[in-house]
Amino acid sequence: MAKNGCKDLPDECWELIFNKLHQRHHSLLESLSLSCKRFLSLTNALRTHLTIVDPRVFTVSVLLNRFPNLKSIYLSCFRDKETFDRRNIDDPTPHFALEPLDLRRMTIDVATSNLNLDSLSFSGTEIHLKGLRILGSRMKNLKVLKCSELRILRDLELFAIADSMPCLEDLDISYPVNDFGWEADEFEARSPGEMGVTDTGIEVLSSKLKRLRKIDVSGNEFLTNCSLISLSANCIYLTDVALCKCWSVTEYGIGYLMRYCPNLSSLSVQGIESGQLDEYSLCCARNLATIVLYTSTVPDEFLHLLVKAGIPLKSIHLDFSLQLPSFTLSGISSLLNKYRSLECLSLVETYFLTDETMSDLSQCLSALVTIRLTVCYTLTESTFFTLAKNCPLLEDITMEAANFGGGDRATEIVENPRIKSLNLEYNRNLSDECLAKLASVCPSLEVLDVSHCNGITEKGIADFLKTGSKIRKLRIVGCGGIKNIGNGFELSDLEILEAARSGINDEGLVVIGNRCCRLLHLNLDGCLGVTAIGLKEIFTNCERLRKINLTGCLNVGTETVDWMMFSRPSLRKINLSYSCLPSEESRRKLSLRHGCLVMSDKSPEES
C-alpha cells in the first residue's frame, strides 16, 4: 500500500472523496478529470444534472454518452434580441436563439440515449412534436417536464405531451410567448386553440396525466374556471397549482379547486378577489400549506376565514395594495396569532407596518425561517434586530426598500448565528455604522445584498467583510461610491460577486484578485474604470472563475477575448458589449476551442 500510494485505493473510496467535492461545486472535479482516465470515468459517473447552454458548442450526443448517470437535463434554448421583449418587458435578458431544427436534434439525441431521465427542462424555443413523441416512447420514467416561455404553445402541443408522457407528475407550461408573426386580420380568423392553450387542451391533458401532482399554467390567458374543474376531477393526486396571469379564472374556480382537490398543498394565484371565497371551500383544503396571492384583493374577511379554517399553513405571500381593498393590522395580527408555526412570511408594500407593530407581531413568529418585507418603507433596522432576537430559527431576511439607518439607536442587539441571507436592496439611508451592527448580529451570514444602498462606502464594506468571512455571495450593484472591497484576509468562501454599475476599478480588481481566489462568477457590467490591467489580476489569481460580465466596460475591447480565454481556461461564459463582440464565426471557433460562450446582453442600440 505504501509503495503504490493512492493507486491502491478502491474506486469506492475515490467516489466518496469526489462526491464531497461535487456537492460543493461540480467545477472542482474538472482538474481531477484531466489527471487520468480512471478519474475521468469516476467523475463523469457522479454528474446527475446537466445544463446545455448551446448545442452548437458541444454535440449533445457526445455529452450524453460522457455522463451515464444523468437524471435531469436542462436545454437552455433562449431567445435572440430580435425575438425578445414580446412577452415580458420586465425580463431584460436576451439570449442566443436556436432554430426548431436544433431542438429537434437535441430532443432526438436525448431520446435515443441510454439515459433514464427523471426530469427534462427547456425554454424559449418551440416543441418539436416528432422528437417529443420519440422522447416519450423511450423515457418511460420521465416525471418532470418544464417547458416555460415556449415560442409556441397551443392545444396541439399539449395533446402531444399528454399522449407521449403519461407518467408525468410535474408539468410547467407557464408564460408561452406564442409569437406567430401573423398580421392582425390573421388572428381574427383563428380559433383560441390555434393561438394558445385553452380549456380543451387542459381537459385532454388532465384526463391522460392521472399521476400529475404539480402544474404551472401561469400566463395562459385563454384558460377559465373549466380548466380547474377538469384538473380537480381527473388529477386526484394534485398538490401544487400555479395560475398567475390567468385573468379569466375567478374565485369560483379557485373555490372549486379547494373543495375537490383533497391533496392541494400549494396555491399561487393573481388578480382574484379572495374575499369572495367561502369558508367551506377553505375548510375543505385541509392540506393547504402554501398560499401566494399576487396583486389580489385581500381583505381582513379573507384572513379571518383562514383563521377559522385551521389549515396547516406554513407559508403565505400577500401583496398589499392602496388601489384595492386590503387587509389591516388587525387582520394580519389575527392570522399570525393563529398560525404560530408559520415558516415563511412575505408581505409587499404593507405601508401600515412600523417597528412597533413588527415588535408585537414577531412574538407570533418563533418558528419563522424566511421573511420578506418588500417596500415596507417605514420599517428600520430596529425591526431587523427585533426579528433576529425573537425568531431563533430565522435564516433568510429580505427588507428591500425599507428605511435602514433611520431606526432607534438604543435597540437591543442579539446575535443570531442561524441567519444566512440578508437582502437590503434600495435602503438608501443604510450607513456604514448600521452595516457594522448588522454584521455583529449575523456571524454566519453567507449572502449579502446591499445593491443601490448609496449611503455605504468602501470602508463600510471592508469592515463588514472583516467579520463576514463566511460570505459566499455579495451584491453591491449600483453602489457607485464603492471602488474597493478593502484589504484584509482571504475571503475563501466568496464565490459570487455582483458589482454591476459600482465604482469598482483596476485597483479594486487587484484587491479582489488577491482576496477572492475561489471566485466563480464576477459581474462588472457598467464598471467604467475596469481595464485589461485590472482583469489580469483576476485571471491570474481566480483560478476557478467560470463567468464574467464585462458589458459596458468601455476600456475592454475585442482584442482581449483571446487573451482572457488563454489566461483563464476555467472560463465558461464571457459577456461583452455588443460593439466589442468578435464576429459570429470567431465566437464559434473560440467556443469550440475553449468551451467558453462569448455573448452580449444588449442590442447595438443599447450598447
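Two residues are in contact when heavy atoms of theirs lie within 4.5 Å of each other. With that meaning of contact in hand, the reader can follow how the parts of this predicted model cover one another.

The protein chain has 607 residues, and buried residues make up 54% of them. Its secondary structure comes to 23 helices and 21 strands. Among contacts between residues at least 6 apart in sequence, 73% join residues at least 24 apart.

Helix 10, which spans residues 199-208, serves as a first example. Its buried residues are Asp199, Gly201, Ile202, Leu205 and Ser206. These residues lie on the same side of helix 10, because they cover an arc of only 155 degrees around the axis. A general rule helps in reading such a pattern: an α-helix has 3.6 residues a turn, so residues three or four places apart point the same way. What covers the buried residues of helix 10 includes helix 7 (155-164) and helix 11 (225-234), together with strand 5 (170-172) and strand 6 (214-216).

Helix 21, formed by residues 532-541, can be read in the same manner. Here Gly534, Leu535, Ile538 and Phe539 are buried. The arc that they cover around the axis is only 135 degrees, and therefore they sit on the same side of helix 21. Which exposed residues does the face turned away from the buried side of helix 21 carry? That face carries Ile533 and Lys536. The cover over the buried residues of helix 21 includes helix 20 (506-515), strand 18 (521-523), strand 19 (547-549) and helix 22 (560-567).

One of the buried residues of helix 21, Phe539, also takes part in an aromatic pair. Phe539 and Trp563 are arranged edge-to-face, with 5.5 Å from centre to centre and 75 degrees between the planes. This pair links distant parts of the chain, since Phe539 belongs to helix 21 and Trp563 to helix 22, 24 residues apart. The two partners are placed as follows: Phe539 counts as buried because its relative accessibility is 1%, while Trp563, with a relative accessible area of 30%, is partly exposed.

The count of aromatic pairs comes to ten. Another of them joins Phe327 and Phe352, again edge-to-face, at 5.9 Å centre to centre and 90 degrees between the planes. Phe327 lies in the loop between strand 10 (315-319) and helix 15 (329-338), and Phe352 lies in the loop between strand 11 (344-348) and helix 16 (355-361), so that the pair links distant parts of the chain, 25 residues apart. Both Phe327 and Phe352 are buried. Ring pairs also link Trp14, Phe18 and Phe39 into a cluster.

The nonpolar cores come next. The largest nonpolar core has 162 residues, and Phe384 and Leu524 touch the most other members. Leaving aside residues up to four places away in sequence, Phe384 touches Ile397, Met399, Phe404, Ile419, Leu422, Leu438, Val441 and Cys442. Apart from the largest core lies another core, of seven residues, and among them are Phe18, Leu29, Phe39 and Leu42.

A buried residue may also have polar contacts, as Gln270 in strand 8 (residues 266-270) shows. Gln270 counts as buried because its relative accessible area is 13%, and the cut-off for buried is under 20%. Which side chain makes a polar contact with the side chain of Gln270? The partner is the side chain of Thr295, at 3.2 Å. In addition, a polar atom of the Gln270 side chain lies 3.3 Å from the backbone nitrogen of Lys245. When residues up to four places away in sequence are not counted, Gln270 touches Leu243, Cys244, Lys245, Trp247, Tyr294, Thr295 and Ser296.

The cysteines complete the account. How many disulfides does the structure hold? It holds zero. Cys284 is in no disulfide, and the nearest cysteine sulfur, that of Cys283, is 7.1 Å away. Cys542 is likewise in no disulfide, its nearest cysteine sulfur being that of Cys516, 6.6 Å away. A disulfide would require the two sulfur atoms to lie within 2.5 Å. Cys284 counts as buried because its relative accessibility is 14%, and Cys542 counts as buried because its relative accessibility is 0%.

Conventions: Residues numbered from 1 in each chain as written. Predicted model: local features only at pLDDT ≥ 70, side-chain atom pairs only at ≥ 80, totals over all residues. Heavy atoms only, no water. Helix = DSSP H or I, 4+ residues; strand = E, 2+ residues; numbered from the N terminus. Buried < 20%, exposed > 50% of the residue type's maximum accessible area, 1.4 Å probe, protein only. Polar contact = N/O pair within 3.5 Å; in protein donor to acceptor, adjacent residues only side chain to side chain. Arc of directions from axis to C-beta. Core = buried A, V, L, I, M, F, W, Y, C linked by side-chain atoms within 4.5 Å. Phe/Tyr/Trp six-rings, centres within 6.5 Å; stacked < 30°, edge-to-face > 60°.
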